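Q: Please take a close look at one part of the model shown here, and then set it in the context of the rest.

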Amino acid sequence: MSTAAATVRRRRVRLVLVAVVAVLLVAAPLILPAFANQTLVRIGVYAVAVLGLNIIMGYTGQVNLGQIFFVGLGAYVTAYGVNHGWNILLVFVAACAIAGVVGLLVALAAARLGGLAIAMVTIALPIVGVPLAKRLADFTGGSQGVSARFTDAPDWSGLANDQWQFYIVLVVVAGAFLLARSLVHGKYGRAFAAVRENEAVAASMGISPYRTKVLAFTIASVFGGASGFLYLAAVQYTSPETLSFGHSISLLAAMVIGGAGSIAGSLLGGAYYVLVPQLTNAIDPNLTTVSQGAILLAVLFLLPGGLVSLPRVVRRLTRRPPARRSISRPAAETSQQTTPAHRPVPDAAPEEREQTERQDGP
Amino acid sequence: METFIQLVVDGLATGSIYAALALAIVLVNQATGLINFAQGGMAVLSAYIAYVFVQLGLPIIVAILIAVVLSFVFGALVERFLVRRFERGDPDTAVVVTIGLLTLVTGISAVLWGYNNLAFPSLFPLTSVEILGAVVSVRSLATAVTIVVIMVVLQLLFLRTKLGLALRAVADNPSSAAFSGLPVGRLLMVGWGLAATLGAIAGVLVAPQLTLTPGMLDTALVYALAAVILGGLNSPIGCVVAASAIGVLENLVAVYVPLIGHDLKIAVPFVLIFVILILRPQGLFGRKVVVRV
């Protein structure tokens with residue numbers, strides 16, 4: 001079987017898979033109970049935040065401990081806009097744009113520092129952000145927080161509120177993931193990877209590490225702002241607690257556990273961020289932090305690619321001989337070696353393969 | 001004027017706590033080339049350990065000494081069994097490891113002792129003395145003096161002893177140090193142990209003032225990191241100066257600049273960083289690092 005046919009078939013399988021998932025996602029809120037919908041909505045909210053973090057950290061290799069700050073900023077801007085009667089599209093654009101501009105300003109200074117110093121500066125964002133949010137009470141409602149309702153289902157739709165919210169979040173999340181996918185597969189994605197691997201090499205190829213880092217950080221902030229918009233769409237309330245230091249650490253943990261440098265991993269990260277604390281809180285609230293630390297360290301030791309690499313690792317462990325066979329076959333056909341002694345795999349399986357190959361060959 | 005002197009001495013005391021944490025971070029960075037974000041969390045755990053021994057009825061100084069020794073062991077074990085695997089690899093992964101460690105250690109403190117604030121007894125008397133007409137608490141003065149003494153001891157250890165020489169050799173060039181017969185692995189463990197010890201001392205000195213909670217030193221860690229950035233990662237003296245300056249400056253700003261006040265004073269070092277970064281990217285005392293390809 002030629003590889004071209006296999007690729008075509010794989011692509012077809014993937015298209016069918018995408019279509020099935022899309023239909024399922026559109027149908028899901030109509031069937032599922034409200035609680036499940038709300039959980040899925042919150043997964044979507046944090047998946048976008050994790051996705052942004054992934055762009056700066058997973059793809060560009062700059063540790064960012066301040067992502068939650070931009071989520072909170074987006075949420076506050078959304079609340080302000082909604083409460084002042086802005087058009088909802090304008091609110092969304094403002095939430096993304098203001099987070100992006102603040103991110104740009106932070107990045108312009110932080111990216112001047114090499115490597116780890118970005119982590120050391122960004123850790124200050126949530127720590128400064130909480131008292132700042134309390135102080136700017138006119139804008140943020142102080143410690144009380146601020147609430148804003150704009151996601152009640154309109155009458156013509158005939159939907160319940162949670163279903164309507166689900167569709168809003170679904171549209172934005174799908175858009176964000178498609179955009180991020182194009183970004184990391186394109187020119188900028190390659191620039192990000194070059195900067196992550198070796199800044200000197202990137203610079204020698206005409207990619208400015210400084211500008212690339214600033215760009216990636218700004219994009220990450222925009223995603224954070226979008227996530228904040230969704231947060232308010234789902235929760236309808238925000239307070240200084242939203243952008244606390246602990247949440248920022250959890251977001252980073254979710255990103256690594258889901259899979260750094262992986263689009264699908266961001267979705268898993270969002271799911272982890274929502275589901276695991278829910279589970280541990282149900283058992284004992286004091287366990288939440290310690291379990292997060294233990295899971296994060298376990299993933300770093302055992303599964304450095306995150307949960308998204310789990311199928312690959314399992315496949316490698318369980319089906320080692322067939323996997324090798326499919327790789328070595330084309331090479332064997334061209335080189336036409338006949339003596340099994342030269343084979344790197346001294347198993348029973350290669351012997352068998354030799355025989356079939358000899359029958360196939362000229 | 002009296003308020004001013006009081007603020008400066010209090011600032012020096014908190015600044016010395018930041019300095020101890022910052023020095024611990026520099027120590028780890030010199031030895032293993034990574035930033036230990038768990039330094040504060042480990043220090044809190046040490047303070048809790050001291051608290052347990054105080055509860056058992058031991059005198060406070062004995063409890064602190066026990067906690068300090070245990071912290072040394074804990075730091076060394078963390079290096080050997082957790083960090084060693086990530087040391088010469090990708091520094092970003094190593095940073096995430098220390099963040100995982102921070103979460104784990106904070107979580108352990110929370111599981112064992114809960115999130116409620118616990119009162120920690122002070123090592124020093126809570127009286128005050130008069131200096132130049134200003135009333136200054138003995139605790140602030142004694143804290144600052146203790147940390148300064150420990151720093152001098154540490155400096156002597158590094159510059160005047162064989163162990164210090166070996167530690168510096170490993171930090172400078174691990175493979176050459178290994179070729180000349182130094183036990184690199186064990187020295188790295190000693191480096192981490194010393195850093196944990198420094199953190200522990202900072203933790204028990206600041207605990208009476210902040211009261212014990214699992215997140216007690218999160219803010220102090222941020223100040224220490226700011227001091228490290230300002231002072232330069234390769235300059236212990238620079239870090240100490242920067243930490244003291246931050247401690248004093250934030251105290252003065254909190255009182256004399258109403259716009260910032262006590263709640264936003266943590267923004268002070270970061271505004272400073274932003275200004276300095278634009279003027280002097282390598283830090284106040286740091287050397288410019290030239291990277292060779």
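A: Thr211(B) is located in the loop that joins H8 and H9 of chain B; helices (H or I, at least four residues) and strands (E, at least two) are DSSP runs numbered from the N terminus. The model is predicted: local features need pLDDT of at least 70, side-chain atom pairs count only at pLDDT 80 or more, and totals for chains, interfaces and linings use all residues. Residues are numbered from 1 along each chain as its sequence is written, while chains are lettered from A and ligands numbered from 1 in the order in which they are written.

Although not a glycine, Thr211(B) has a positive phi, near 60°. Most residues other than glycine have a negative phi. Thr211(B) counts as exposed because 12 other C-beta atoms lie within 10 Å; the scale, with C-beta atoms placed from the backbone, is buried at 20 or more such neighbours within 10 Å, exposed at 12 or fewer, and partly exposed in between.

Chain A offers a counterpart in Gln236(A), a non-glycine residue with a positive phi of about 65°. Gln236(A) sits in the loop between H11 and strand S2 (237–238) of chain A. Gln236(A) is classed as partly exposed because it has 17 C-beta neighbours inside 10 Å.

The two helices beside the loop of Thr211(B) recur elsewhere in the model. Helix H8 (residues 184–210) of chain B gives 16 residues, the most of any element, to the largest nonpolar core. That core has 197 residues, a nonpolar core being a set of buried Ala, Val, Leu, Ile, Met, Phe, Trp, Tyr and Cys residues joined through C-beta atoms within 7 Å. The residues with the most contacts inside the core are Tyr18(B), Leu21(B), Ala22(B), Ala224(B), Ala227(B) and Val228(B). Leaving aside residues up to four places away in sequence, Tyr18(B) touches Ala220(B), Tyr223(B), Ala224(B), Ala227(B), Ala243(B), Ile246(B) and Gly247(B); contact requires C-beta atoms, placed from the backbone, within 7 Å.

H9 of chain B also belongs to the interface between the chains, to which chain B and chain A contribute 35 residues each. On the chain B side, helix H4 (91–113), helix H9 (218–231) and helix H11 (267–279) each supply at least two residues. H4(B) gives the largest share, 15 residues. This side has 25 nonpolar, 7 polar and 3 charged residues, where Ala, Val, Leu, Ile, Met, Phe, Trp, Tyr, Cys and Pro count as nonpolar, Asp, Glu, Lys and Arg as charged, and the others, Gly among them, as polar.

H4 of chain B meets chain A at another point: together with helix H12 (245–258) and helix H13 (263–283) of chain A, it packs against the buried residues of H14(A). These include Thr288(A), Val290(A), Leu296(A), Val299(A) and Leu300(A). H14(A), residues 287–302, has 16 residues and reaches 22 Å from first to last C-alpha, close to the expected 22 Å, that span being 1.5 Å times one less than the number of residues.

Chain A as a whole has 17 helices and 2 strands, and 45% of its 362 residues are buried. Within it, Tyr188(A), Ala191(A), Phe192(A) and Val195(A) of H9(A) meet Pro209(A), Thr212(A), Lys213(A), Leu215(A) and Ala216(A) of H11(A). By class, this contact has 7 nonpolar, 1 polar and 1 charged residues.

Note on methods. Two residues are in contact if their C-beta atoms, placed from the backbone, lie within 7 Å.
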